[in-house]
Each structure stands twice: as structure tokens, then as C-alpha cells.
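Trainee: I should like a close look at a single part of this model. Please take the place where the domains meet and set it in the context of the whole chain.

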Amino acid sequence: MEEKKKSDIAILLGYAGKYKILTFLGLALSGIAMFLGMLPYICIWLVARDLIAVAPNWTLATGVQKYGWMAFVFAVVGILVYFAALMCTHLAAFRTASNIRKQGMAHLMEAPLGFFDSNASGLLRNRLDGAASETETLLAHNLADIVGSIVMFVGMIVLMFVFDWRMGASCLLAAVVSVAAMFTMMGGKNAQLMHEYQAAQDYMSKAGTEYVRGIPVVKVFQQTVYSFKAFKDAIEDYSQKAEHYAIKVCRVPQSVNLTATEGAFIFLVPAAVLIAPGALKDGNFAGFVTNFAFYAVFSAIVSTALARIMFATNGIMLASSAIKRIDQVMGAPTLKVTDDPKEPKDNSIEFKDVSFTYEGADIPAIDHVSFRVEPGQTVALVGPSGGGKTTAASLIPRFWDATSGAVYVGGVDVREMDPHVLMDRIAFVFQNNRLFKASIFENVRAAKPGATREEVQTALDAAQCGDILAKLPNGMDTVIGTAGVYLSGGEQQRVALARAILKDAPIVILDEATAFADPENEALIQKAFATLTKGKTVIMIAHRLSTVVSTGKIIVLDEGKTVEEGSHETLKQKNGMYSHMWADYNQAVNWRISAGEAM
Ligand code: ADP
Ligand code: MG
């Protein structure tokens, strides 16, 4: 456990970069401040000694004023140095947190786009941000306090021998009892219980998030009690674990700990009572009273230092869990960028024995797939849902990298190209195109940042977006996502098509939406498709087979494998998967038409 704590701190200091030196400076100053803070107590001892020596002729005591001033100066300087120490550690802590945020974001920028499908980028950012803040307390306060406490312990041991070891030891005993009590709560076999309790807390907060996320589904399906169960179980589990940990593990040691911390003085009184007779006999009663006065005052410092250690352990725990979350972000996969990029020769696309397995999946989503799309050719990918069409298409712009085999664009492995060159060449319209919370103009122009309003307008026209713009209050300057501005799935797809048209890239990848809500949208989208794909190398993922009838090459993907390949006519004759899909499709279309007639 000790080992792990050290490494957590080392990890954090790693993020501190050149500000690490400030942390160390702050820690050193904190130690010095603690040392200075202890000196006034010695002054008090000196004052007490002088006074007792001349008692009851107080006026004879000459050093009192001097020692008083010294105590004052030490105390003030100690506070100032502690201020300086905290200034250093705070600066370092803020810089470290900001470095964590920067490095985390930089790392996420290198993650493949596909990674953000399963990990919402906003959520990742929040997690990183929260974790970074949680490291601040440890670096800004807790480490400095730990160093201070260590200095205090050392000082205490020294003072214990300097004045009266028996009374010193009784003060130290309070500290030892308190630390031992803390360890009972958090170390040994109870560490496991504490982790269980923390895990239950984590789980409860996750279950809460899930529950809130699931509310729409709950409302639609009216599953009130059922859906609540997981969350309720999590809460009950947490409350049971928390209660167990608090009562069975913490009640006694925490009481002991608080008693020892707050009442270090208690240990001193019996010690003094035992020592007093001996001191009387030796005739050194004045010395005894002086020492007692010193330790009585000094015991207050023990409580402060122990309370700091308590907070420090809490800070270490917080930081350790924060580091785990930071590591998750830093552990996100990254796309490797080649040092020696090659230029693609043409606009062909080729899959050579490509396999791809999603992280955590048992079976590959793409399984030894090979095919070629000539420059200017259109190839359709069809097949049952989950067959791997979207996955195959997302390997081309490197949303993911193939697990084995390679994807070539213009004869060059996509991993050996400059990612910008690759991206410039490809325009894609995916099913889950997300529009930004920005104006339609900005949304479309994202494809070509330098485009003029006229160019954007032309692209929107070509994508058949006229009716959308007409109904919006500010035309293409209307911000999507603001109150009352909502686009249907089909309309969003057309804006995404406008974006792709504006980009005018030689390679087009289209993942057709599974179903357009209305035939009107469908007709418009078909028109936009035609404009977008004219003269381009096209990979089209089609769900309505009517769109692929005229396509020269159709590839049927099922369970990640190419099961059939050929033109519509050849495949229709084959009595394989495609001909069955075609029969089903026609039946559905006929059903729709006859249903329409009946109305
Ligand atoms: P299609 O587009 O043909 O419907 P997909 O390429 O979307 O098929 O999916 C192929 C397989 O990969 C499916 O089994 C699906 O569950 C899985 N899959 C798709 N996307 C992800 C993802 N982001 N993470 C994990 N598995 C995925
Ligand atoms: Mg799909």
C-alpha cells in the first residue's frame, strides 16, 4: 500500500513537469515552517524556567521580554514561510492539473474517431476535468502537511529527550495511539472492506447515471418499478456496506483516534503525577513544573498535526482514484501517424484480407474481407444488419485501423498516408452524422473552412435543402439545437450531404440511413446522392435495394464475411443471400404500395 501511494505521487509529479521543483521547494518550506512553529514553545519553556527560578520575585526575571519577542517573531516568520510554502505548492498543483488536462486532451485528439462512438467525448472531458481537480488538494495542501507532520514528529522525538523524556513520550504516545487507530481503519484486512465500500459508492453513482439515462425508455415502456430496481439495489448495497464499515470497522478506532488527537493532554497528566514525587525528592521541582508547562502547551501542536495527517490520507485516496480515471483517458488507443507519408496514386480503394475486431468483442466485425473499387467506380455494400458494412466503411478514413490485413487508397496503405491527405480525399456521410450546435452555414462549411456563403448555398441547393432553409427563421444562419429548431433524421441527412457535396472529395462513402421517415425526404435524398456521387469513387451502403440495382458491383457482407459479389442481375440468379434479400425487399415494397392503395 505504501509502495502504491508513492508511485501515485510520482505519477502526479510526472505531470508537474518543470513545476516539480516548486512542489519540492514548497515541501521544504513547509518543513521549515513547522520547525519555526515549534520554536515559540521552546521560548515558552525558557520563560517558564526563568520565572520559576526567581519565584516569587517575578521582577528579577530578566529574559522574559526577550523570549516573548523571540516567540512572537518565530511564530510570525513561521506563518509567513508556511504561506510561501502553500503558494509554491498551489502554483505547482494548478499547473499540474492544467498539464493533466492538456495532455489528456492532446491524447484524445490522437484517438481514432471510432473511439468516440462508444465513449462520448463530453463525458471523457468531464471525467478528465474532475479527476484533474481532485489531484489539486493533494499537491496543494496534503503533501505539505505530511512533510510538516514528519518534521513535527522528528521535533517531538528530539524535544522528548531534551526536556523530560517521560512527559515527551506521553505526548508522543497520543500520536502513536492515534496513528495506530487510523491504520486499523484503513490497513490490513480492513483495507478490503474500505475498498468494497468505495466500490459500492462508485457503483451507486454509475447506477444513478444509468437510471437517469434510461428515463426516456422507462417512460415509453411504462416500466416504473422494474427499471428502478437496479438503482435501488445499488443504493441499498451502498448503505449496507457504509453502515457495516462505519459500525464494525470504524466506530472503536475512530473514537480512540479522536480521543487521542484531541486529548493528547490526557496522557500527560498521569505521567506528571507519576513523575512529581521523584522530582520533589531530587529537589528539582522547579524544573519539573517548567517541563510540565512546556509539554502541556506543546500537546496542542500534536492535535493539529494529527488532524492534518487524517486529511492527508483522505487526499491521497482521492488523488489515487483520480489517477485511475486519468489513466483510463490516457489509455485510450491512438492512431499511429507515419513519419514517412506516401502519396496515393489514384482514387481506388482496396481491401486486402482485412479483419477487424472491436475492443472487447469475441468475434471479428470484419473477417478476411478483400475487394477492390476502381477509380470512378461505385460499389454497394449490402447485407443483414450487423453484417459489418458500417465497420468496413469506417476503416477507410481510419475511424479504426484494421486488426490484420490492410486497406489501400490509391495503392497506399491508409496507415502510411498523412492523415490530412487521406481525410481530404474522402467525403463521408454516416448514419449517425452529428450536426454541431451551430448554424447550418457553419455546419456545412465545416467540410471546407474557407468556403464562401455562395459555395455553401450552392451545396445546400444541390443537397435539396431548399425546403429546410425556407422553414427556418434565419435561413442558413439558424442555429441548430436552439429552442424550436429541430431537424428530422431525413433533414439532418440532407444537411450532412450538403457538407459532403461542398467538400467535393474524389472518394465518397455513403452509409444510407436505415429508414427515411417519409417518401418525400427519400426522393430528395436520392437526388442529392446523385449530385454527390457523380464522377466519384463511391462506396455505398444501401438498405433499400432499389438504390443498388444499377450498381455494377454489389458485395454482400454477412457476419463480417463477403458471402457474395457481383452485379444485381448475376446475384439475383444465384439463389443466395442476395436473391432472398431481393425477394423480401420486393415483398415489403409491394406491401407498402398495397397498404397505401387501401387507404
Ligand atoms: P452493419 O453496418 O452491417 O449493420 P456494423 O458494422 O455496424 O454492421 O456492425 C458489425 C458488428 O460490429 C456488429 O456485431 C456490431 O454489434 C459490432 N459493432 C459495431 N459497432 C461497434 C462498436 N462501436 N463497438 C463494438 N462493437 C461494434
Ligand atoms: Mg450500419
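Mentor: At the junction, five residues of domain 1 are in contact with six residues of domain 2, contact meaning heavy atoms within 4.5 Å. Leu-113, Gly-114 and Asp-117 supply 70% of the area that domain 1 buries against domain 2, more than any other three residues. Together the two domains bury about 420 Å², of which 61% lies on carbon and sulfur atoms; buried area is the accessible area (1.4 Å probe) that two parts lose on being put together, summed over both.

This is a predicted model, in which local features need pLDDT of at least 70 and side-chain atom pairs count only at pLDDT 80 or more, while totals for chains, interfaces and linings use all residues. Residues are numbered from 1 along each chain as its sequence is written, chains are lettered from A and ligands numbered from 1 in the order in which they are written, and side-chain values use heavy atoms, with hydrogens and water left out.

Across the interface there are zero salt bridges, a salt bridge being a side-chain nitrogen of Lys or Arg within 4 Å of a carboxyl oxygen of Asp or Glu. One residue pair is in polar contact between domain 1 and domain 2, both residues at pLDDT 80 or more (a pair of N or O atoms within 3.5 Å; within protein, one must be able to donate a hydrogen and the other to accept it, and residues adjacent in sequence count only if both atoms are side-chain atoms).

As to the wider context, domain 1 covers 8-330 and domain 2 covers 349-589, with bounds from an automatic or database domain assignment. Their centres, taken over C-alpha atoms, are 57 Å apart. The C-alpha trace of the protein chain spans about 120 × 50 × 50 Å along its principal axes.

The whole structure contains 20 salt bridges. One of them joins Asp-233 and Lys-229, whose closest N and O atoms are 3.1 Å apart. These two residues are separated by about one helical turn because they lie four residues apart in helix H9 (residues 224-262); helices are DSSP runs (H or I) of at least four residues, numbered from the N terminus.
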